[in-house]
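Visitor: Please take one part of this structure and look at it closely. I would like to see how that part sits among its surroundings.

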Amino acid sequence: MKKTIFLTIALLAGHATLTPTTKAANPNVMNLKTSITDDAVVFPETFEQDTQKLLEGWFMRNYTATDDSYTAKKDVETSDEAIKTRLASMPTVIEMPFNSIVRQYIDRYTKNGRPQVAAILGLGLYYMPIFEQALEERGLPQELKYLPVIESALDPNAVSKHGATGLWQLMLATGKGLGLECNSLVDERRDPYASSRAAAELLKQLYDTYGDWSLAIAAYNSGPSAVNKAIRRAGGDPSKADFWSVYPYLPEETRGYVPMFIAANYVMTYYPQHNISPVLPTKPIVTDTVGVTERIHFDQIEAVLAIPKDELRILNPQYREDIIPGNPEHAYMLVLPSKQIHAYLMSHDQILSYQADKYRRRTTVEPGKATEPVPELADADTQIPDGQQIPASSASPTTISHKVAAGETLTSIASRYGVQASDIRSANNLRRNAVRVGQVLTINGVDPEVAAAARKDADTGMLAANSKQNVDTSATQTQAQTRQNTQQTKKETASSGSAKKKETAQNTKKKGSSAGKKQQKQTVHTIKSGENLGRIAKKYGVTVDAIKKANGMKSDAIRAGATLKIPAK
């Protein structure tokens, strides 16, 4: 007569139980794998939080298109036997057993998490080849590439409540121990390439320790100490232990880790059978890398190459402050769309010189002395030495409106007003650098003197508005007074005789000649390294177009050492 044995494992914090079995008194591992149940399954925080953030991210909004048929076609009802058969058919080294816990995670993906699965499948087109290469280099099973799916939902900037960071959710000490650079500017835990190589090395070490992939994966999540404690508490032969035999003694969140890993492998393989369609890129995600040996800010690359800063961040998430701290002793890798690599190499010097003073880092500082003495503002009749910089106005920046003229680009408009193209895009909710003729743009942070000069050129399409310092009011009053004085002068001139007119004309000619000589001394500027037309125009309170017209220039290109004629305000 066969004995029916009921095994119940009581836990302080869990509800895991083993279902009845008719086997020997001590159930074997396979019985546990297939019959174990748990009424207190914990879903990782990343599943709800990171995937939702992913759906709302810049990449999803700008570079993908979703076949939303999965919203109309619901999940197909699938039996346990069908799922068990599919899992057994997957060509994997790591065991993929089926039980009720695995089923709960599969349902979580295929029923409630359908939009997230579609997004993860789309992002996988970019990230999976990176993971596969790192795993292949260490000779590890390819199915491990789905660990980042449950760790971070393929968000390189994901940070857990415990501080684990990046696609592979590595702790700070672990990352540094694996040779990753982690400091204020660079965090290679966020670097898809570097972190994948580090994670592959860690997984290999864990497998070499336990000799079992299920325990190695559990230790990746909770750390070896938690797994070792669970093995000791489970008793028996440690060499024969696996994840399922120590399941009840593992931390609550770790108990769901291996089942969710199995579910992720299932869903990433059999998503068509559940009516889930992946997000597809609308543009090819083809990238290349270039070594950077100078300190460069993303704003400089964006301004010169017109690559959106958000795209630079997606491709280079390891640079925490948008700064690549390159130096001659250490080249940092910059990932760009492959089409832009040649443009970067050709525009290298221009990128470095763009607003170089703003992004330059001081190497020496003399205590108690200003690094760059600021000259006093010159009076109208004061001669300005050749090349001397005029300090910016101390008044608060102004907001103006600009009407796009034919031939203008976002970069040229930004240069005209001494602001950044990214700021104009942000203020006007523009996704790209493209602008159309007649479009009215709001431009913030314009120097009041530059704004005043722009108002005088209103006939070219520039309209001033919303001055924070009431520049409009003072300018209007000044213009009204000037018109009144001019009309009075005309009346006096009309009443005088021809001799008076002749004398006035001669005096005016002399004064104009003298003023012209004085103005010529004031408006010759020698171009310094790192300057551009926008900065020069801002210094002298004129527009870029006015400088180009005075010098017969067809483009904004200038070179250090050359001289420019600066027209009068």
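Guide: Y319 has a relative accessibility of 4%, under the 20% cut-off, and therefore counts as buried. The model is a predicted one, and the part to look at here is the helix that Y319 meets through its ring, α15 (residues 298-305).

The partner of Y319 is F298. The centres of the two rings are 6.3 Å apart and their planes stand at 90°, so this is an edge-to-face pair. F298 belongs to helix α15, while Y319 is in the loop between α16 (309-315) and β7 (323-325). With their positions 21 residues apart, the pair links distant parts of the chain. F298 has a relative accessible area of 0% and is buried.

The burial of F298 fits the rest of its helix. Seven of the eight residues of α15 are buried, so the helix is largely enclosed by the rest of the structure. The buried residues are F298, D299, Q300, I301, E302, A303 and L305. After α15 comes A306, which has a positive phi, near 60°.

Within the helix, Q300 deserves a separate look. Q300 lies in α15 and is buried, at 2% relative accessible area. Apart from neighbours within four places in sequence, its contacts are R295, I351, L352, Y354 and Y359. Between the C-alpha atoms of Q300 and I323 the distance is 10.0 Å, at a sequence separation of 23 residues.

Another residue of the helix, D299, is in contact with Q420. Q420 sits in the loop between α20 (410-417) and α21 (421-427). Its relative accessibility is 8%, so Q420 is also buried. Beyond neighbours within four places in sequence, Q420 touches D299, Y354, Q355, K358, Y359 and A414. Y354 and Y359 are thus contacts of Q300 and of Q420.

The pair of F298 and Y319 can be set beside other aromatic contacts. The whole structure holds ten aromatic pairs. One of them joins F131 and W168, with ring centres 5.3 Å apart and planes at 75°, so it is edge-to-face. F131 is in helix α7 (residues 114-137) and W168 in the loop between α8 (147-152) and α9 (172-177), so the pair ties together parts 37 residues apart in sequence. F131 and W168 are both buried. Together with Y126 and Y127, they make up one aromatic cluster.

A contact between two helices gives a further view of the packing. Helix α11 (residues 213-222) and helix α14 (residues 257-270) have axes that come within 9 Å and cross at roughly 110°. The two are therefore roughly perpendicular to each other. On the α11 side the contact involves S214, I217, A218, Y220 and N221, and on the α14 side Y257, V258 and F261. By class, six of these residues are nonpolar, two are polar and none is charged.

As for the whole, the protein chain has 26 helices and 13 strands. Of its 569 residues, 44% count as buried. Among contacts with a separation of 6 or more, 69% are between residues 24 or more positions apart. The chain exposes about 29,900 Å², of which carbon and sulfur atoms supply 51%.

Note on methods
Residues are numbered from 1 along each chain as its sequence is written. This is a predicted model: local features need pLDDT of at least 70, side-chain atom pairs count only at pLDDT 80 or more; totals for chains, interfaces and linings use all residues. Side-chain values use heavy atoms; hydrogens and water are left out. Helices (H or I, at least four residues) and strands (E, at least two) are DSSP runs, numbered from the N terminus. Buried means under 20% relative accessible area, exposed over 50%, partly exposed in between (1.4 Å probe, protein chains only). Contact means heavy atoms within 4.5 Å. Accessible areas come from the Shrake-Rupley method with a 1.4 Å probe; for residues, only the protein chains shown count as cover. Axes are lines fitted to C-alpha atoms, for helices over the stretch in contact, and angles run from 0 to 180 degrees between N-to-C directions. Angles under 35 degrees count as roughly parallel, over 145 as roughly antiparallel, 65 to 115 as roughly perpendicular and the rest as oblique. Ala, Val, Leu, Ile, Met, Phe, Trp, Tyr, Cys and Pro count as nonpolar, Asp, Glu, Lys and Arg as charged, and the others, Gly among them, as polar. Rings of Phe, Tyr and Trp (its six-membered ring) pair if their centres lie within 6.5 Å; planes under 30 degrees apart count as stacked, over 60 as edge-to-face and the rest as tilted.
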